[in-house]
Amino acid sequence: MNYLAHKREDNITQSLKEHLENTARLAGKFAKEFEAGDWAYCAGLLHDIGKYSVEFQRRINGSNEKVDHSTAGAQLCWNMKGPYGFLSYCIAGHHAGLPDTGGKEDVESCGSLYGRLNKKIKDYSAYQNEISLPILKSMHFLPSENENDSQFASMLVRMIYSCLANSVIIFDEAQMLPNDYLKPCIFAMEQLIRHYKCSVVLCTATQPALQNLFAKDMKAKELCPRIEEQFHFFRRTVLENLGRISEEELVQRLKKEERALCILNTKKKVQKLYQHLRGEGVYHLSTSMYPEHRRRVLAKIRDRLDNDEKCIVISTSLVEAGVDLDFRNVYRQLAGTDSVIQAAGRCNRKGDRPLKESHTWIFQLEERENIPGQRQQIAVTEALLSEGRNLEEQDTIQDYFEMLYHFRGSGLDKKEILNEFLGMRFSFKKVSDMVKGFAEGLKDFYVLKNCEQYTDDMGLRLDMEYGQAVIF
């Protein structure tokens, strides 16, 4: 019988043996970078052996039967025991993603690895006529003395599943690494550096104080020469603290400006202030506008700035990273020190005005606000300002992050992700679902329920009752 792996609409086919051997060679080549080439070769060779069932071959030739082809290799590897068991995760998840370990009593509907292992599948024994099972060697590298064996193994499974070895990994705007997940992020970086021949580069004007979170034997190297000198050379604005001011005072200040940016901590506050100032040359920016809408508004803003026309922008923090704008003055509602410095980077950005004529004003509004996710950042910055510290100094930025991480403590792994990979039980799917929560802060469009609630200048209006404007 000619066993097929794929068949196109024009009837061009690929044999199953060819597909498995090609996949194995590629996977082995990628994983050879971290001395696990034979492990990945085996996973590639066995990932589709379920296609050797008679039922799958009927399906590929036109039948409508549903056939699970990815569980067979997982079951085979698990039953072979030893290191082969780790490959079961990769094979079982090669379509749906890495599964959780689950429990021994799990059934198929649980979606766990044990659920798949307990599943009754079609006979695929015909693979033995074409495929020889590879013999796995022991690992050429092992966990270091202070590493947890189980967490190390979970990373190995993830790397065999999707290689990222021998790479230079650049984290731009590194200060935006999420504090709630900082320890899992550091763990992943350490593993990539220590075992997978990767280099990690953290790029930012406000370098987070991460050294104490890394293992003691892992030392960072500063790539920027004479960093203190660089800090002073690129200082292009005077940072001043206005303290607490009324909303009316802020409005009056902005009415006197010609080219100014004002950054507030909430979308509602941005819309409210914009409504006080709206008029020729005044613009609103926030994630209440869908991305293409923001791009159009940014293009108008750049045109006015380039032509030295009046341009007042009221925005959320979205302009603090990756947006190249240059204003005469910047107003920044009190926030984390890194956010304040990033905001200051939009003042006299091109350096074509004297330092003393370019101001970044820090302010707090008299009306108290609850700003979820920013309370500790604001509190630490407020404490530094009360001590008379200059937020632009390198040692102040260092102290800010050290204080913040100290206050966060166990909150640097808020959802206890690292604990999900202990005791050789891996929660790949569970953790994947956890970190989809990042999207809660990034989601910037919804299905409109009432089109009249979306305006050309502000995007989605936020002053209506919950649920009136959008479908969540």
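This passage describes a parallel sheet with its packed helices, and a helix pair, in a predicted model.

The sheet is open and comprises six strands, arranged in the order β5-β10-β9-β6-β8-β7 with parallel pairing. Its edges are formed by β5 (238-245) and β7 (282-285), each of which pairs on one side only. From one strand to the next, the twist averages 15°. At the β5 edge, pairing with strand β10 (residues 359-365) is parallel and extends over seven bridges. Within this pairing, Asn-241 stands opposite Ile-362 of β10.

Two helices that pack on the sheet may be described in turn. Helix α11 (residues 267-277) touches β6 (259-263), β7, β8 (311-315) and β10, and its direction makes about 170° with that of β7. Helix α13 (residues 337-344) likewise packs on the sheet, in contact with β5, β6, β9 (329-333) and β10; the angle between its direction and that of β9 is about 160°. Strands β6 and β10 are thus touched both by α11 and by α13.

A helix pair is formed by α1 (residues 16-31) and α2 (residues 37-46), whose axes come within 7 Å and cross at roughly 155°. Because angles over 145 degrees count as roughly antiparallel, α1 and α2 are assigned to that class. The crossing of the two helices is right-handed. On the α1 side, the contact involves Leu-20, Glu-21, Thr-23, Ala-24, Arg-25, Ala-27, Gly-28 and Ala-31, which meet Gly-37, Ala-40, Tyr-41, Gly-44 and Leu-45 of α2. By residue class, the contact of α1 with α2 contains seven nonpolar, four polar and two charged residues.

How values were computed:
Residues are numbered from 1 along each chain as its sequence is written. This is a predicted model: local features need pLDDT of at least 70, side-chain atom pairs count only at pLDDT 80 or more; totals for chains, interfaces and linings use all residues. Side-chain values use heavy atoms; hydrogens and water are left out. Two strands pair if DSSP finds at least two bridges between them. Helices (H or I, at least four residues) and strands (E, at least two) are DSSP runs, numbered from the N terminus. Axes are lines fitted to C-alpha atoms, for helices over the stretch in contact, and angles run from 0 to 180 degrees between N-to-C directions. Contact means heavy atoms within 4.5 Å. Angles under 35 degrees count as roughly parallel, over 145 as roughly antiparallel, 65 to 115 as roughly perpendicular and the rest as oblique. A crossing is left-handed if the near helix is turned anticlockwise from the far one by less than a right angle, and right-handed if clockwise. Ala, Val, Leu, Ile, Met, Phe, Trp, Tyr, Cys and Pro count as nonpolar, Asp, Glu, Lys and Arg as charged, and the others, Gly among them, as polar.
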